[in-house]
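Visitor: I would like to learn how to read a protein model. Could you walk me through one?

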Amino acid sequence: KLIMKILDFFEQNYFKFGISYLLFFTLYMMTSIIVPLNFFNANSYVTILLSGLGALFGLYNIVVKKALTKTRGIRPLIVLFVVIIISLVVNMKYGYIDNVKDLIVFFVYFFSIYPFISFITKEQANQTLLSVGGVLAVLSTGAVIASLFQFVTFDGYIIESYKGNVFRQGFIDSRLFGVFTDPNIQSVVSLLTITYLGYLQNKVSRPLKVLLYLAIFCNFTYIVLSGSRTALIIISAVFVYIFIVAICKKDRKKQVLNVIMFGLITFGSYHLVYQGSQVILKANTQVITKINQEHKNTGNYKVLATLQRNDTDAKNISNNRFSIWQDAIKFSVKRPIFGYTSGNWEKIAKEIDPDSYIVKKSYRVHNGYLEILFYSGFIALLAFFWYVGKPIIKTIVNELKTNSQNLIIEFILIGLIILGVTNMFISATMYGFSILGLVLHLSISYLNNGYLPQLETKDK
């Protein structure tokens, strides 16, 4: 009876529990990329709580909600999960602790987070996306403003975080790292923030619009100063997408003209922020030199008076990525079915070719698609493409065919393009909890369980 009462209470408050967990997850992941807030993410009790609640929520979805049969688009995730388990078993002799940790991550992604939207109303699904986006945008913008302050004060230093990792902070080595663990990851988060705020500006009053535009400007400025080339490629890809969409609209000329104007403003603003910042740095060369002399004792302290990166010259334009990808493909060909697992790849690869670049440097793959192929094999990669490709293609085809202007769908599609391009250069959506992984699974779930079912109902 007690168990039934608990289950009834949970069922009655399913949405409240679900959205609370997702907001907790968002907060946890944002604190993992903001170094001064790493203490929250580094707390083992918080991590155990996040994983434990996620596992329980997943079990509830499977056993009570029958998610395996009632949630649309979950079949590729089941295939992916089974393949990952088989890969773990096949490679168990090399160890299993790290692989079991990743298995928990996938269980939470696939069976806790993904099915949630299939069991709530459309209004609640919209509220979920906006709430998660709100937490992400507020934390991102706050940390970006702190980072921009570091730029104007020429503050750069090296710090050891709570997890024992060493991070460059502030403006150092010609890039604005700011208060973040990785400027490339934060640039992607800033792009997602800008997309979210761009959607919101159609929904708020004029005074709030001013705040939104200021937040957009701050995040955009951070992207420029971070020196992230991945972000620049993403911006270009987004413009190609919205240009194609504009061509397919009924009022084609007007739409194409708007996209061209928007593109000119965006890339013009990028150039202005970049050149303006260069002028500020050159005008303060003496101040920066003095700061560097005062901090010689701290070791690798280099506030350079330029935004010109010194790690991406013509000889190494990919910043070592080509060598990493080449090795990942070479190894994947040798174990194409079940891969090397995320926890054991280094031990197995060392047995096969100890002199390979990827083994010597212990590098992650820096490509989300190659990462799946390398860790979990070809079947897993096909399942992933099935999972993300089917709903995205269906949605885009319908949006172009109906000539509709569904703002929340446009906002989601642009977010998915941002993640899709990011995945070509960064490993940050699948193996291990991440804010980008959360956005990916929520977005695909919204398309599969919140948007596409309505279309089928209309067709009937």
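Guide: We will go from the whole chain to single helices and then to single residues. This is a predicted model, in which local features need pLDDT of at least 70 and side-chain atom pairs count only at pLDDT 80 or more, while totals for chains, interfaces and linings use all residues. Residues are numbered from 1 along each chain as its sequence is written, and side-chain values use heavy atoms, with hydrogens and water left out.

Visitor: How many helices and strands does the secondary structure of the chain come to?

Guide: Helices (H or I, at least four residues) and strands (E, at least two) are DSSP runs, numbered from the N terminus. Here the chain comes to 20 helices and 3 strands.

Visitor: What radius of gyration does the chain have, and what would a compact globule have?

Guide: The radius is taken over C-alpha atoms, and the globule rule is 2.2 Å times the number of residues to the power 0.38. For 460 residues the rule gives a value near 23 Å, and the chain agrees because its own radius of gyration is 23 Å. Along the principal axes, the C-alpha atoms fill a box of roughly 75 × 60 × 45 Å.

Visitor: What share of the residues counts as buried?

Guide: Buried means under 20% relative accessible area, exposed over 50%, and partly exposed in between (1.4 Å probe, protein chains only). In this chain, 52% of the 460 residues count as buried. The area itself comes from the Shrake-Rupley method with a 1.4 Å probe; for residues, only the protein chains shown count as cover. The chain exposes about 22,100 Å², and carbon and sulfur atoms supply 65% of that.

Visitor: And what share of the contacts joins residues 24 or more positions apart?

Guide: Contact means heavy atoms within 4.5 Å. Among contacts with a separation of 6 or more, 76% are between residues 24 or more positions apart. For a single pair, take Ala125 and Gly450: they are 325 residues apart in sequence, yet their C-alpha atoms are 7.1 Å apart. Ala125 lies in helix α8 and counts as buried because its relative accessibility is 1%. Not counting residues up to four places away, Ala125 touches Ile117, Ile120 and Tyr446.

Visitor: Now a helix. What span is expected for α10, and how far apart are its end C-alpha atoms?

Guide: The expected span is 1.5 Å times one less than the number of residues. With 21 residues, α10 should span 30 Å, and its end C-alpha atoms agree because they are 30 Å apart. Helix α12 agrees as well: its 32 residues should span 46 Å, and its ends are 46 Å apart. Helix α2 (residues 14-33) reaches 29 Å with 20 residues, close to the 28 Å expected. Because 15 of those 20 residues are buried, α2 is largely enclosed by the rest of the structure.

Visitor: Which elements do the buried residues of α10 pack against?

Guide: They pack against α8, β3 (175-178), α9 (183-200), α11 (229-248) and α12 (252-283). Thr221, in α10 (residues 206-226), is a good residue to look at: it is buried, with a relative accessible area of 10%. Apart from its neighbours within four places, Thr221 is in contact with Leu148 and Val273. Val273 is one of the buried residues of α12. After α10 comes Gly227, whose phi is positive, near 70 degrees.

Visitor: What is the phi of Lys66, and where does that residue lie?

Guide: Lys66 has a positive phi of about 55 degrees although it is not a glycine, and it lies in the loop between α4 (44-63) and α5 (67-70). Lys66 is partly exposed, with a relative accessible area of 42%. Phe154 also has a positive phi of about 55 degrees without being a glycine. Phe154 is placed in the loop between α8 (122-152) and β1 (156-160), and it counts as buried at 6% relative accessibility.

Visitor: Is Lys70 buried or exposed?

Guide: Lys70, in helix α5, is exposed, with a relative accessible area of 57%. Leaving aside neighbours within four places, Lys70 is in contact with Lys65 and Phe119. The C-alpha atoms of Lys70 and Val144 are separated by 41 Å, with their positions 74 residues apart along the chain.
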